[in-house]
Amino acid sequence: MKTRITILCENLVGKRVGLGEHGFSAFIETGRGNYLFDTGGGRSIVANSLTLDKDLRTVRKIFLSHGHYDHTGGLPEVLNLKGNTDVYAHPHVFVDRMAIHKENGTETKRFVGIPNKKGYLESLGANFVFNTDFTEVEKGLFLTGEVPRKTHFEKPDPKLYREISGKPEPDVFLDDQSLIMESEKGLILILGCAHSGMINIIHHVINQTRKQKFYAILGGTHLDFLTPEQLEESINVLNQLEIERICVSHCTGLRAACRLHLEFGDRYFYGYVGSVLEV
Ligand SMILES: [Fe+2]
Ligand SMILES: [Fe+2]
């Protein structure tokens, strides 16, 4: 059986029916079973799974990229259908998180962390499996764990904070991790929001797997919210790497997505609800 990755939750809906919401989730079908990477914010995952004929009750494992609500908010919906499931995440996934916007002298603070408590999710069947390091979850299926920050141009998003004992401090996103699948055509890398920097993540994956060839990179990249330098430097590096398909969306932002489409032509496609990558 082919490996098939279907975008279940995303900001935009493409040519097929479905609901859009700010968030990300990918349904992964393989010869040895199905997996879920992130769950969106909770408004679209069940509706889109029905529309796209992806049975959430068949999910063997759930992977969480980080603790933002738009990647974790759909967990109760999935657990209500599936019941007991291993949920892989970094222990910081439960840290309280805020987005602080300053505009015209006014500051707005919005909670953007995981909306449900660990105990509640466990009562619905979540069995949390925490990792901090690069981990082989199953043969040929890896989680990056914490990603070393090495590039000079990938900066944290200055609007994003974490709250420890009620005190906001810039969020360092130790929990940001990505999923890697080996395939005959090369590695498939699925990103959540790439808060540790898309290029830092790619370098970490190359170092850990000792493989250079990527069949595809999917998910959110946060390329449109930071500096123009980050986007251009990232494109420079991507051009030097062996990557066959680029299917980034979500927090990539439309301006950066357009720029990537222009740069990579037919190798790029936007990953909206219903987009499919087959290997
Ligand atoms: Fe996100
Ligand atoms: Fe995020």
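Okay, let's start with burial: of the 279 residues in this protein, 57% are buried. Before I go on, keep in mind that what you see on the screen is a predicted model.

So, the overall picture. We have seven helices and 17 strands. The radius of gyration is 17 Å, close to the 19 Å that the globule rule gives for 279 residues, so the protein is as compact as a globular protein of that length. If you put a box around the C-alpha atoms along the principal axes, you get roughly 50 × 45 × 35 Å. The accessible surface comes to about 12,100 Å², and carbon and sulfur atoms account for 50% of that. And on the contact side, take the pairs at least 6 apart in sequence: 71% of those contacts join residues at least 24 apart.

Now let me zoom in on one helix pair. Helix 5 is residues 198–209, helix 6 is residues 228–240, and they pack at an angle of about 30° with their axes 10 Å apart. That makes helix 5 roughly parallel to helix 6, because angles under 35 degrees count as roughly parallel. Who actually meets whom? From helix 5 we have M198, I199, I202 and H203, and across from them in helix 6 sit S234, V237 and L238. Sort the residues of that contact by type and you get five nonpolar, two polar and no charged.

While we're on helix 6, let's look at two more of its residues. Q230 is in this helix, and is it buried or exposed? Buried, with a relative accessible area of 2%. Beyond its sequence neighbours within four places, Q230 is in contact with F153, E154, K155, H222 and L223. To give you a sense of distance, from Q230 to Y35 you go 195 residues in sequence and 32 Å in space, C-alpha to C-alpha.

I235 is also in helix 6, and I235 is buried with a relative accessible area of 2%. Leaving out residues up to four places away, I235 touches R259, L260, E263 and F264. Helix 7 runs over 254–264, by the way. For another long span, H92 lies 143 residues from I235 along the chain, and their C-alpha atoms are separated by 30 Å.

Next, a pair that touch each other: L160 and D171. L160 is in strand 11, residues 160–164, while D171 is in the loop between strand 12 (167–170) and strand 13 (179–183). Both are buried: L160 has a relative accessible area of 9%, and D171 comes in at 3%. So D171 is a charged residue under the 20% cut-off for buried. What's around it? Setting aside neighbours within four places, D171 contacts R97, P156, L160, Y161 and R162. L160, with the same kind of neighbours set aside, touches H68, M98, A99, P170, D171, F173, H195 and H222. H222 may ring a bell, as it was also on the contact list of Q230. And L160 to L81 is 79 residues along the chain, with the C-alpha atoms separated by 32 Å.

Let's go to the end of the chain. V273 is in the loop between helix 7 and strand 17 (276–278), and V273 is buried with a relative accessible area of 0%. Where does G14 come in? Its C-alpha atom is separated from that of V273 by 6.1 Å, with the two positions 259 residues apart along the chain. V273 has quite a list of partners beyond four places in sequence: I7, L8, C9, E10, L12, V13, G14, G18, L19, N48 and L52.

Last stop, some backbone geometry. Which residues other than glycine have a positive phi? One of them is D53, with a phi of about 60°. D53 is in the loop between helix 1 (45–51) and strand 4 (59–63), and at 67% relative accessibility D53 counts as exposed. Another is H250, with a phi near 50°. H250 is in the loop between strand 16 (242–249) and helix 7. Here the setting is buried, at 3% relative accessibility.

That's my tour; let's open the model and look around.

Key. Residues numbered from 1 in each chain as written. Chains lettered and ligands numbered in written order. Predicted model: local features only at pLDDT ≥ 70, side-chain atom pairs only at ≥ 80, totals over all residues. Heavy atoms only, no water. Axes fitted to C-alpha atoms, helices over the stretch in contact; angles between N-to-C directions. Helix = DSSP H or I, 4+ residues; strand = E, 2+ residues; numbered from the N terminus. Parallel < 35°, antiparallel > 145°, perpendicular 65-115°, else oblique. Contact = heavy atoms within 4.5 Å. Rg over C-alpha atoms; globule rule 2.2 N^0.38 Å. Buried < 20%, exposed > 50% of the residue type's maximum accessible area, 1.4 Å probe, protein only. Areas by Shrake-Rupley, 256 points an atom, 1.4 Å probe, with all protein chains shown as cover.
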